[in-house]
Amino acid sequence: IQSSPLSSSQGRAFAWLECGITPAIAFGTAHFESYVGDQSHTEERAAQLKSVRELLRGYPSALICGDTNIVASEESSQIAASVLPDFQDAWVVLRPADPGLSWDPARNTLCDDNIPARLDRCYFRSDGARLRLSGGSLVGTIASVEVDPSRRTFPSDHFGLLVKLHVQCG
């Protein structure tokens with residue numbers, strides 16, 4: 001596992017591992033700059049995406065997953081498309097009609113504002129058919145007593161994003 005700090009006022013970093021096949025595939029994650037009060041940090045997220053793109057430059061197939069804090073209606077959604085033109089948004093490919101709200105205050109009692117959004121994303125690029133999406137869903141969408149025995153609660157304020165892949169080796 002490798003890690004590299006990102007330009008951040010919130011201490012963010014990008015971590016990735018290299019799958020041991022030839023050519024290697026990189027799987028990475030980050031928690032990109034968050035909204036704080038009235039500061040959207042769009043420019044910081046754009047700079048962070050550029051840094052991640054450079055870190056993964058040598059990998060023909062790669063995934064970038066995590067809490068991107070990118071809202072579909074916001075400027076940073078277009079920035080992601082321009083900074084990562086050779087990457088696809090896995091959720092959009094798999095479930096184009098589903099908004100995929102990973103931040104959903106109508107369903108998740110841990111959300112601290114009333115604006116639903118798809119903040120968690122998985123971007124991927126594949127050299128040919130080596131990396132193929134086979135499914136995707138939101139996880140952690142049911143309140144559970146396993147988290148807190150005294151009450152039913154969600155494991156996080158975000159629902160998780162599960163993306164299933166097929167990797168062609170050799």
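This report describes the sheet, selected residues and the largest pocket of a predicted model.

**The sheet**

Six strands make up an open sheet of mixed pairing, arranged in the order E1-E2-E3-E4-E6-E5. Its edges are strand E1 (2-5) and strand E5 (88-89), each of which pairs on one side only. In general, the strands of a sheet pair through backbone hydrogen bonds, in either a parallel or an antiparallel sense. Three of the pairings in this model are set out below, each with one pair of facing residues.

| Pairing | Sense | Bridges | Facing residues |
|---|---|---|---|
| E1 and E2 (residues 13-19) | antiparallel | 4 bridges | Ser4 and Phe14 |
| E2 and E3 (residues 25-31) | antiparallel | 6 bridges | Glu18 and Ala26 |
| E5 and E6 (residues 120-125) | antiparallel | 2 bridges | Asp89 and Tyr123 |

Strands E2 and E3 are joined by a hairpin that runs through 5 residues. The loop between E2 and E3 contains Pro23. The peptide bond leading from Thr22 to Pro23 is cis, and its omega is near -10°.

**Ser4 in the edge strand**

Ser4 belongs to strand E1, and E1 is one of the two edge strands. Is Ser4 buried or exposed? With a relative accessible area of 18%, Ser4 is buried, because the limit for that class is under 20%. Leaving aside neighbours within four places in sequence, Ser4 is in contact with Ala13, Phe14, Trp16 and Leu55. Among these contacts, Phe14 is also the bridge partner of Ser4 in E2.

**Two loop residues with positive phi**

His41 and Asn69 are residues other than glycine that have a positive phi. For His41 the angle is near 60°, and for Asn69 it is near 55°. His41 lies in the loop between E3 and helix H1 (42-55). Asn69 is placed in the loop between strand E4 (61-67) and helix H2 (75-83). Both residues count as buried, since their relative accessibilities, 9% for His41 and 5% for Asn69, fall under 20%.

**The largest pocket**

Asn69 also takes part in the largest pocket, where it is among the residues that lie nearest the centre. In general, empty space is revealed by rolling a probe the size of a water molecule over the atoms. The largest pocket of this model holds about 330 Å³ of space. How many residues line the largest pocket? The lining comprises 14 residues, and those nearest the centre are Tyr35, Asn69, Trp103, Asp113 and Leu119. Sorted by class, the lining has 6 nonpolar, 4 polar and 4 charged residues. Asn69 thus appears twice in this account: as a buried residue with a relative accessibility of 5%, and as a residue of the pocket lining.

**Cysteines**

A search of the whole structure returns 0 disulfides. Cys19 is partly exposed, because its relative accessibility of 24% lies between the limits of 20% and 50%. Cys65 falls into the partly exposed class as well, with a relative accessible area of 22%. Cys19 is found within strand E2 (residues 13-19), whereas Cys65 is found within strand E4 (61-67).

Definitions and conventions
Residues are numbered from 1 along each chain as its sequence is written. This is a predicted model: local features need pLDDT of at least 70, side-chain atom pairs count only at pLDDT 80 or more; totals for chains, interfaces and linings use all residues. Side-chain values use heavy atoms; hydrogens and water are left out. On a 1 Å grid over the protein atoms alone, a cavity is a set of points where a 1.4 Å probe fits but cannot get out, and a pocket is an open set with protein on both sides within 12 Å along at least five of seven lines; lining residues have an atom within 4 Å of a point. Grid points are joined across faces, edges and corners, and a volume is the space filled by probe spheres set on the points. Ala, Val, Leu, Ile, Met, Phe, Trp, Tyr, Cys and Pro count as nonpolar, Asp, Glu, Lys and Arg as charged, and the others, Gly among them, as polar. Two strands pair if DSSP finds at least two bridges between them. A disulfide is a pair of cysteine sulfur atoms within 2.5 Å. Buried means under 20% relative accessible area, exposed over 50%, partly exposed in between (1.4 Å probe, protein chains only). Contact means heavy atoms within 4.5 Å.
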